[in-house]
Amino acid sequence: MTLPVQFVPTICPYCGTGCGLILVTRGGNVIDTLSWRRHPVSDGRLCAKGWKAHEFIHHSERLKAPLLNKQGSLQEVDWDTALKAAARIFKLRDRYGPSAVGILSSAKCTNEENYVIQKFARVALGTNNIDHCARLCHAPSVAGLSASFGSGAMTNSIDDLEQATCILVIGSDTTSQHPLIARRITRAKERGASLIVADPRAIHISHQADILLPLYPGSEVALLNALIKVILDFSLEDLDFIARRTEGIESLKTSLADYTLEEAERATGIPAEDIKRAALLYAGAERGAIVYAMGITQHITGTDNVTAVANLAMLTGNLGKKGTGVNPLRGQNNVQGSCDMGALPDTLPGYRAVNSELNRKELAEAWSVNMLPVAPGLTVVEMLEAAQRGELKALYVVGENPMMSDPDLNHVAQALEHLELLIVQDIFLTETAGYADIVLPSASWAEKDGTFTSTERRVQRIRKAVMPPGIAMADWAITSQLARTGGYGQYFPYESAEDIFDEIRQVVPQYHGITYERLNDPCGLTWPCPSENHPGTPMLHSEHFTRGNGQFYPVRPRLPAETPDEAYPLLLTTGRVSTQWHSGSMTRRSPSLEAEFPAPFIEINPHDAYWLGITNQCRVKVISRRGNVEAIAQITDRVKPGVAFMPFHYAESAANRLTGTALDPRSKIPEFKVTAVTITPLTPGKLQEDHATE
Amino acid sequence: MDYGVTIRQIGQALLERHIVSQVLAFTHGLDGKDVMPSLITSPEELARITIVSRQPLSLAKVISRYVDPAVRLAVVVRPCDARAIIELAKRNQLDRDNYYLIGITCYGTIDKAEGLTSEVYVFPDHIEANGENYDLNESLLLPHCRRCGFAFPDMADVTYDFAGGHLKANTPRGQEMLSISGLVEQGQKIDTTALEERTKRWRTNDFAIAGSSPQTRLDYWLHQFDKCIKCYGCRNSCPLCYCKDCYLDADRGLVEPGKIPPSLLFHLTRIIHVADSCLNCGQCEMACPSDIPLSRLSQELQLDLGSIFDYTPGTDIISPPPLDTLGTKEGNK
């Protein structure tokens, strides 16, 4: 008799909200997804992606065996052969030095896997060249909020948002990208809270807004400073909070002494009166929460933007209380955890700076090695630039797809071709894997145990529901095997995800009190959790900031790296749609999700479409200084004149062929949100076609 | 207290005599508030069954979607699941004869009530949590449960009232189930006057919007549907949305793909599709990330339609779906 149908509670693999769901399995296959009523975050609800989280698991294109590039074609080999080939990374390290090798880890992978991968970089390869896609999403949050508050994470919890009396959503298409967080905003709204939405596009959550602030991408500091200026002018700041808990208010005041709403209006394109109303609404609220995402971070001013958000919240005393806070919504399911685990070039596990001798010594002791690499490593974009310059010789990419997700893909391709060795470990043959010398097949999230840490720092268990396809293995197991092949097996003795977690607990202070047994609770545990009887910490900075006092840092508006001009007259901003996910390797193979948004498109305002000669649904070519792609024009006033929007999910028209590699100097995030482009029609629109056939 | 003894006794007899090969029921989940559906194959595992007053998903949906139709199955059902099974059988989605329905009475279910951390049972006049009795605070009950009016699963083969110990066979199969379990019918139905009053009161309360002006009603529902994020959760969790090829799917061309909120066609199509069979199980509403009171709308429609056709979904397998009976006489009604 075959095994009966089974129901496995686990965590959604898509966004950072951390929703619980139930996988339905039969005969070794996941056949459906159900919502999980008991789960504290999702509460029996899911978004479209969550409901179809199972659809890619058994896709025919899953990698089932390692592949080796033999004379230009990828051929299946056994693990032994693949690992021996991959072990060449150690030879290249020996020949060129540890700074010539690098690793991209993955925010899709578990904490255990990120921990093993960063340890592999530091202990087996001897380099700090380890980074992951947090660099492309919330690096400025980590940099900015760490400086202002002492911790880079979301300050409050998701359900806390329901307690807010005013919510400012800035640069977050919340209903599309964090739907179950949007639910809390909707509920707050129905309880009488006011809502301010600042976004270049008319997004779904705008429908509920009391005040809309449709700013030009790149003018975030101008807007946030203007809100602060109004609050100061009307003396609505929280004097008591500022006096008791912050430093540096005078420098903030001085920096804005001459700033005017007229300047802000010119920079943002928002009427001064609306900026004023929004400032008064937020400052007048008993409990004001700020929610933000990529619209704040993906700019060369990303860290400044985050700092301005922190200033605004501190100025009004909106921290340390329920229903308030600065709430960066993390993108990937485990991007918070990947950062916690130290899959970053400048911090060891638990956010301990690499450039502190004491930290390195502590970790070296914990890992039983003599020393750890001293120099902070390269970030995502820097590694690829180093590869192009010939300085980085080998790259080991685990579950990332830079050939889709990084800026300026034409250059990424050249960089990958320059490498002497590219190892790609993934569940599908991604665009990046197409350039690989060795492809290692890994288990998907439904095929392994481990933990994810959600945007609200909630550590939760995922559970193995089925076996991986073919001879694919969990990422932690593959990387540990590779370490053994290279002679570093003694540092990677793990036999289960729990073995690794037990080591994480000893090394990462924030996780010290968390055990797998405690994580059997459907609520998981929120870090910091310093001891085994500690209940976890849903709210940060309640009595004092992690760094002591909160610090105001004045920031000034700066222009984006590229602004529209005569040759490239439109400002292109990139983003996502509700049913696709990032580089599309999962959602584009999920039929229900692909059917909603099957083709690349670009939103263009009717005004611009008119003078560009573009009709609705016609094919256009979008051209930037770095490349061009085709897309279908959607003429819509969702975007304002002068601004166009494109999702970046589509390999056939990858928006990141257009974007540039200008970086925020502090966090090294590229400016995905601002690219100067021009658009030309390729085929006549449908209407004209109809006329032509008449 | 554990009220599941009788249920497990029946399940045990059915499994041990190989009358069924699996028992489908809710079992203890990861903590006291969590229950998970389980398909149990051995008598020892029956101890995991719980009949606490929680109903996080539809077991009827589990049967029709996931379980091999060849499996002889016993199912521990609340009235809404029993009625869904009847409706599905009537629409040829499953074979009623395959199922041994062990019905438990239901006086309402609870979602996440603060403090009620563990074993929670809703009685007609009080709530028992962790062995202690509390006053019945109706606001703790799920909204659709307050309007339900079906406490007794008399469409199942056996009815067991955990509140009063009443045990009854409703079918010849039910008599066989009791006899092989060494059980006899006992007790009688409790007085349901207070329950009927509660149902009526909450229906009046929840359907108040229907009594307002067409414009007010329209504005209300337009506002509700504007919140929709097109997750398909209402469809995915409905036990009666069984179409394998659904009109609402993005590739069917009825509803514009991707657009959020979807056009009203999305909701109207779905609700009309289940209007004659809606059991008010509430799963659609409990799955809605936008908290749209969906079951309120579909129950109201079903009650309207039901009163015209004199039809109550899921009560017996004989009466055909109402629109099946549409005839020339209808014009005179």
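Contact means heavy atoms within 4.5 Å. This is a predicted model: local features need pLDDT of at least 70, side-chain atom pairs count only at pLDDT 80 or more, and totals for chains, interfaces and linings use all residues. Residues are numbered from 1 along each chain as its sequence is written, chains are lettered from A and ligands numbered from 1 in written order, and side-chain values use heavy atoms, leaving out hydrogens and water.

**Exercise 1.** Describe the fold of chain A and its compactness.

Solution.
- Start with the elements: chain A has 24 helices and 28 strands. These are DSSP runs (helices H or I, at least four residues; strands E, at least two).
- Chain A has 694 residues and a radius of gyration of 24 Å, close to the 26 Å of the globule rule, so it is as compact as a globular protein of that length. The radius is taken over C-alpha atoms, and the rule is 2.2 Å times the number of residues to the power 0.38.
- Along the principal axes, the C-alpha atoms fill a box of roughly 75 × 65 × 55 Å.

**Exercise 2.** State what share of the chain A contacts with a separation of 6 or more joins residues 24 or more positions apart.

Solution.
- The share is 74%.

**Exercise 3.** Characterise the interface between chain B and chain A.

Solution.
- Count residues: 44 of chain B are in contact with 42 of chain A.
- Take the area: about 3,600 Å² is buried, 57% of it from carbon and sulfur atoms. Buried area is the accessible area (1.4 Å probe) lost on putting two parts together, summed over both.
- Find the leading contributors: Leu30(B), Met36(B) and Tyr66(B) supply 19% of the area that chain B buries against chain A, more than any other three residues.
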